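Notebook open, coffee ready. Here is what I looked up today.

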Amino acid sequence: MKFGMMKTHRRNQLLLIVVLIVGAGATLALVMQALTENINLFYSPAQVVAGEAPTNQRIRAGGMVVVGSIQRAVDSLQVSFLVGDLQSAQFPVLYDGILPDLFREGQGVIAGGSLDESGVLIADEILAKHDENYMPPEVAQIMASQQEKTPP
Amino acid sequence: MIVDKRFLVPLLGFMLLVAVLALGFKLRDPHLLPSQMLNRSLPAFSLPRLGDPSKTWSEKDLYGKVSLLNVWATWCPSCVQEHPQLMRISREEDISVFGINYNDDTAKALAWLQRYGNPFQLNIADHDGQLAIDLGVYGAPETFLVDAKGVIRYRHVGVVDEHVWADIFAPMIAELNRQAGGS
Amino acid sequence: MIIELGHFALILALAMSCCLAVLPGFGVSLGRPALMRTGGSLAAGMFVFTLVSFVCLAQGFIGDDFSVAYVARNSNSALPVYYKISAVWGAHEGSFLLWCLVMSSWTLAVAMFSQQLTDDMRARVLAVLGSVSIGFYLFLIFTSNPFDRTLPFFPSEGADLNPLLQDFGLIVHPPLLYIGYVGLSVPFAFAIASLSSGQLDAAWARWSRPWTNVAWAFLTLGITLGSWWAYYELGWGGWWFWDAVENASFMPWLIATALVHSLAATEKRGVFRSWTVLLAIFAFSFSLLGAFLVRSGVLTSVHAFAVDPERGVFILWYLIIVIGGSLLLYGIRAGQMSVNVGFGWLSRESFILANNLILTVSAITVLLGTIYPLIYEWFSSGQKISVGPPYFNMVFVPLMLPLIALMALSSFSRWRRTATEVLFGRQPIRLLISGLVCLIFCLLTSTWNLWFQVVSLISIWLIVNLLADARYRQGGRGFAGFLKQTPSYYGMWLGHIGIAVSALGIVTTVVMSEELDLLMSPGDKTQIAGYDLRFEGVERVNGPNYSADRGIIAVSRQGRLIEMLYPEKRLYSASQSVMTEADISVSFWRDVYVALGEPIGNQAWSVRVHVKPLVRWIWLGGILIAIGGFTTILDKRYRRLKMARQLQSRAETSVQASLA
């Protein structure tokens, strides 16, 4: 009787190991696939202007909304504005939809979407931070690293 | 006691996670922002006075005494948070407090000062961000520590609270005053 | 004065936690029962002082004491009094004080309701809880003191509570979530106490179970409420964003769910002991990790707290000491725990094992997605990325589907082994019924989406199985028979129904929602999902601490007015921040959700409209799951725990019997 139980136990263990390997393999494959497909690379205005960002692929780009650059269509929700850095790099963003509450001129913003051939970011999401922190960290860091590189 | 090494695997996994977190933490510290303006003189400017656009302020008006140059705006919630500390500094400390009203609206800015009090000895209306761009400002609040000769000694990004004041500004100011006194 | 009293009480609470960590433990090592029994009164002291401290801070808010920096930053004299109270936990410092209050409440509860434990065990458990608390109090007092004053000069007016947080959802969401988070410290304490004492028998599973279930139920409620809050307050109609902060609460939930199940197996059958102990450690570790992610600024999020590197460093060290220490102890001791208990592969044990594996793997994939930006940035030397919600959906959904399917199958499973006939015998007919229901559903809504079909089929299949099981358990005695079941059974039943309801709600909302962003001038009409919306215009209204543009929108269907909706765009005067306040026409079957965008000249506004079928089911399911969790503790056997020792020896016997 005892012996029989041991056998069941071993069989259970074997089964467990097989299930584990298959499951782990499938999950790992799924995770790798999902990760490669669904990360959004983040670019700074300078990188966008320099053509380092790929076109027709989903990316995120961030900087500051250039003061005075917001233009609205009269008859639709389309809005366009420039996103820039501390230097002269600026790129246009086109967005069709409702902007978040914290979207303002001169404030940090992240736009998600894809670049078309003419260098316009066709955005499907606009993120402005939803708390009192005044700038998304990615944007803050791009600004900071840029200052390091700035020649005196 | 026999230790089955298999049971130490979770610990290993955890150590890996801690390494990633510590690393990420170092990468993301938002307070470590340098400025290309450090130890340089203030850029030359001539901008209208807030509430009195017929007259202007220039960098020369800031010379003479160690000062704080605070970038503020009414659209900036953190500025409201920072405000009590600026009020305290202007009343209590032996230092000038100057304001750069950044990307703002004159009427709103004056109403804001009326409401919360005015800690600023003078206020520069930088409503299209010229000076801010020269200074490398990218948001508000930011505070520059400027010595008596108009050289930028330190730049703080974010709110100046009691800790920032006590740990960073107060010692630096003491040092600047000591140097000035010694020379 | 009151504020200083609060600060002082907090320091006393810290002192109490230090004593609690040390004295009962000394009692154990010296074998002095009198010392061991100090735990109860020390826990009570810790609770009372923390409560005093909390009440003092609340008084600071109610009395508009703006000399307190925290009050000045997060309140305003114009704030309604209920928001002044909830503002206590509206930002980092105060919310952590609430965290500590919850921690001390759990500790006191353990001290009060653990009479059945041996003195030795009780002392150990309380000592662990005390040690964990020390870190919390130190963190609060030294890095996040809410009682700091800005004397002698202080603002005459406060900066106001973040408008997003001026809402009923926020009054209740954090307390519930924290009760859940922190409650996971109790099974953790039991696990550590068992590991340290070497009493690695099945009894600790019986002690831990009711505590775990309650903490888990609170966590479920907290997450459900958080999702609901995000839905109506963030103004864009989403109910789950896979945001870092949401993930921080979801990962411990996944692990705690696994723990709830594996504890059942360990208690009833003595299996998976070392695994269950590990899960108990993991569950609490994940809730600490969540605190780190939220409060250190290492990840970005829509609702993370303000960033302070000092705090991050503190929590990281705390994680290293607490989790690292526990896992080390586990590594050393767990080897002595393994018991070979057999079970057939068609047994409830197997199902629970599968459940545990899937849930743990899900938690790890969520963790990976959450911290992947850090890893990527490191390996690509600085290239920043974000991991989008599609990653989580793509990984998570395929993991959840087999989980729900297993849940359906397991309804008829028995411990040790289940006859194939019992498990699969009637499944064809049940599948057929589910398929038919699903088909009717598809026909009625004319939806032919594959995801919708698969998820709703599996969910309905789960419900059919649960109903069939309930019918089977009536044993021919009708409803009276069903009423004879144990609370544990009802809990399981409700919890699983809740999962099915949530899953149906989620898939229907995702697949069938309709959304429209458009420009509307007064008098404009639009149509969406069979509803007619008429924009009547915008009026100015004033709230206690804000002014607002209020849109007026008539929702009607086939010419009959259903509801007038009044979405607002608020400007909070103190902080000058703009807030979108959506208005929703709520019903069991669908929501009509309207939010104002911005004015676009000539009285026209951008307007966002959603019609979301079955969206309420998502939260209804969550509430059912939580009720299920609470129901299980009504089980009489947890109140007969005076006999824990006897029961435990009986469990041991049954283990031996099954081995024989």
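I began with residues 301-306 of chain C, where pLDDT (the predictor's confidence in each residue, from 0 to 100) stays under 50. The model still has 18 contacts for this stretch beyond four places in sequence; two residues are in contact if their C-beta atoms, placed from the backbone, lie within 7 Å. Residues 649-660 of chain C are also below 50, with 13 contacts beyond near neighbours in sequence. I noted that where pLDDT is low, the predicted coordinates should not be read in detail.

Then I checked the background. This is a predicted model, in which local features need pLDDT of at least 70 and side-chain atom pairs count only at pLDDT 80 or more, while totals for chains, interfaces and linings use all residues. Residues are numbered from 1 along each chain as its sequence is written, and chains are lettered from A and ligands numbered from 1 in the order in which they are written. Chain C averages a pLDDT of 87, and 93% of its residues score at least 70.

Next I looked up the domains of chain C, whose bounds come from an automatic or database assignment. I found domain 1 (1-161), domain 2 (191-340 + 355-402) and domain 3 (514-615). The C-alpha centres of domain 2 and domain 3 of chain C are 38 Å apart. Their contact takes four residues from domain 2 of chain C and eight from domain 3 of chain C.

Last, I wrote down the overall scores: the model has ipTM 0.81 and pTM 0.84.
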